[in-house]
Structures are given as C-alpha cells and as structure tokens.
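Welcome! Take a moment to look over the sequence and turn the model around, and then we can walk through it together.

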Amino acid sequence: VVVEADDEDDVEYVRTEGDLSFRLRPQQPNYEVALQHYRRAAEAKVTGEWMQAFVARASFNLGYMHQFGLGVAQDLHLARRYYAHCLDVDPSGDNAPVRLGLAGLRIHQVLLRLPPVGVA
C-alpha cells in the first residue's frame with residue numbers, strides 16, 4: 001500500500017506513512033520506516049491548529065516505541081519526552097491516551113527497578 005501526497009512535508013501524509021509501516025503487517029512491522037516517518041511528523045513545526053493532532057499522534061507513537069523498545073533501544077526517559085511533547089503540541093486535544101501512557105510509563109519504571117523474582 002502506497003499513500004501518495006503532493007507535498008512530502010504534509011504532516012498528515014508523513015504520519016500516515018508511519019502508521020502503515022508500523023501496522024500494515026503486524027507480524028513483521030517495518031519499525032525503521034515507521035520511526036523515520038514518525039520522527040519527521042513529530043518534529044514538524046505546527047503552523048496551524050489542524051496539524052496539532054497529527055504531530056501529537058506521531059509523538060505518542062514514538063513514545064510508545066521507545067517505551068517498549070520497538071525498533072529502537074528501550075529508552076524510558078526519551079519515551080517520557082515524546083509523551084510530554086503530545087501535551088505541549090495539542091493541549092486541548094484528547095489527552096486521555098497520553099495521560100494513560102505516562103501513568104503506564106511510571107509503573108513500567110517502578111517494575112524495572114524491582115529485583116528479579118527469586119533473587120534475594
């Protein structure tokens with residue numbers, strides 16, 4: 001599946017390409033291509049209100065990928081920055097998923113600090 005766009009800087013197009021790379025083949029997602037498109041969309045300068053949701057969604061997806069190490073080394077601090085970027089870019093948008101992501105990230109950090117089971 002190929003998504004065509006007249007303007008390759010179109011943030012909606014770039015984020016959609018990332019979604020297709022990430023979800024098109026769930027058994028074998030192309031994380032490298034998804035990361036490339038999500039980064040490009042997340043770093044786009046918001047020049048209009050219509051762009052906020054697309055930039056925020058790309059940032060959320062980058063946060064998720066960094067939190068769980070999907071296509072990149074796991075980096076919880078960078079994941080937190082991407083999640084926070086969602087709130088900065090689109091403060092009036094639907095922030096429930098971002099807030100859940102941040103809460104889940106805090107729990108994830110606590111769980112990683114616990115000693116392995118069976119180790120004293």
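Which residue just after H3 takes a positive phi? It is Gly 69, with a phi of about 65°. Keep that spot in mind, as we will come back to the helix before it. One word of caution first: what you see is a predicted model.

Let us begin with the whole chain. It has 5 helices and 0 strands, and reading along the sequence gives the pattern α-α-α-α-α. Of the 120 residues in the chain, 40% are buried. The chain exposes about 7,600 Å², and carbon and sulfur atoms supply 54% of that area. If you take the contacts between residues at least 6 apart in sequence, 48% of them join residues at least 24 apart.

Now find helix H2, which covers residues 31-42. Its 12 residues reach 16 Å from the first C-alpha to the last, close to the 16 Å expected at 1.5 Å a residue. Several of its residues are buried, including Ala 34, Leu 35, His 37 and Tyr 38. Towards its end, Ala 41 and Ala 42 are buried as well.

Next comes helix H3, residues 52-68. With 17 residues at 1.5 Å each, H3 should span 24 Å, and its end C-alpha atoms are indeed 24 Å apart, so the two values agree. H3 is mostly covered, with 12 of its 17 residues buried. Among them are Val 55, Ala 56, Leu 62, Gly 63 and Met 65, and His 66 and Gln 67 also belong to this buried set.

The aromatic side chains are worth a closer look. A pair of aromatic rings is described by the distance of the centres and the angle of the planes. The count here comes to 3 aromatic pairs. In one of them, the ring centres of Trp 50 and Phe 54 are 6.3 Å apart and the planes meet at 65°, so this pair is edge-to-face, since an angle over 60 degrees earns that name. The partners differ in their cover: Trp 50 is partly exposed at 49% relative accessible area, whereas Phe 54, at 19%, counts as buried because the cut-off for buried is under 20%.

Tyr 64 and Phe 68 form another aromatic pair, this one tilted, with 4.9 Å from centre to centre and 50° between the planes. Both residues lie in H3, 4 residues apart, which is about one turn of the helix. Why does that spacing matter? An α-helix has 3.6 residues a turn, so residues three or four places apart point the same way. Tyr 64 is partly exposed, at 35% relative accessible area, and Phe 68 is partly exposed too, at 40%.

Beyond H3 and Gly 69, follow the loop that leads to helix H4 (76-89), where you will find Gln 74. Gln 74 is partly exposed, with a relative accessible area of 43%. Gln 74 and Tyr 64 are 10 residues apart in sequence, and their C-alpha atoms are 9.8 Å apart in space. Setting aside neighbours within four places in sequence, Gln 74 is in contact with His 66, Gln 67, Phe 68 and Gly 69, and also with His 108 and Leu 112.

Our last stop is on the surface. Ile 107, Leu 111 and Leu 114 form a nonpolar patch there, with about 310 Å² of accessible area together. Leu 114 sits in the segment after helix H5 (96-113).

Methods
Residues numbered from 1 in each chain as written. Predicted model: local features only at pLDDT ≥ 70, side-chain atom pairs only at ≥ 80, totals over all residues. Heavy atoms only, no water. Patch = residues over 30% accessible without salt bridge, like charges linked within 9 Å, V, L, I, M, F, W, Y side chains within 5 Å. Areas by Shrake-Rupley, 256 points an atom, 1.4 Å probe, with all protein chains shown as cover. Salt bridge = Lys/Arg side-chain N within 4 Å of Asp/Glu carboxyl O. Helix = DSSP H or I, 4+ residues; strand = E, 2+ residues; numbered from the N terminus. Expected span 1.5 Å × (residues − 1). Buried < 20%, exposed > 50% of the residue type's maximum accessible area, 1.4 Å probe, protein only. Phe/Tyr/Trp six-rings, centres within 6.5 Å; stacked < 30°, edge-to-face > 60°. Contact = heavy atoms within 4.5 Å.
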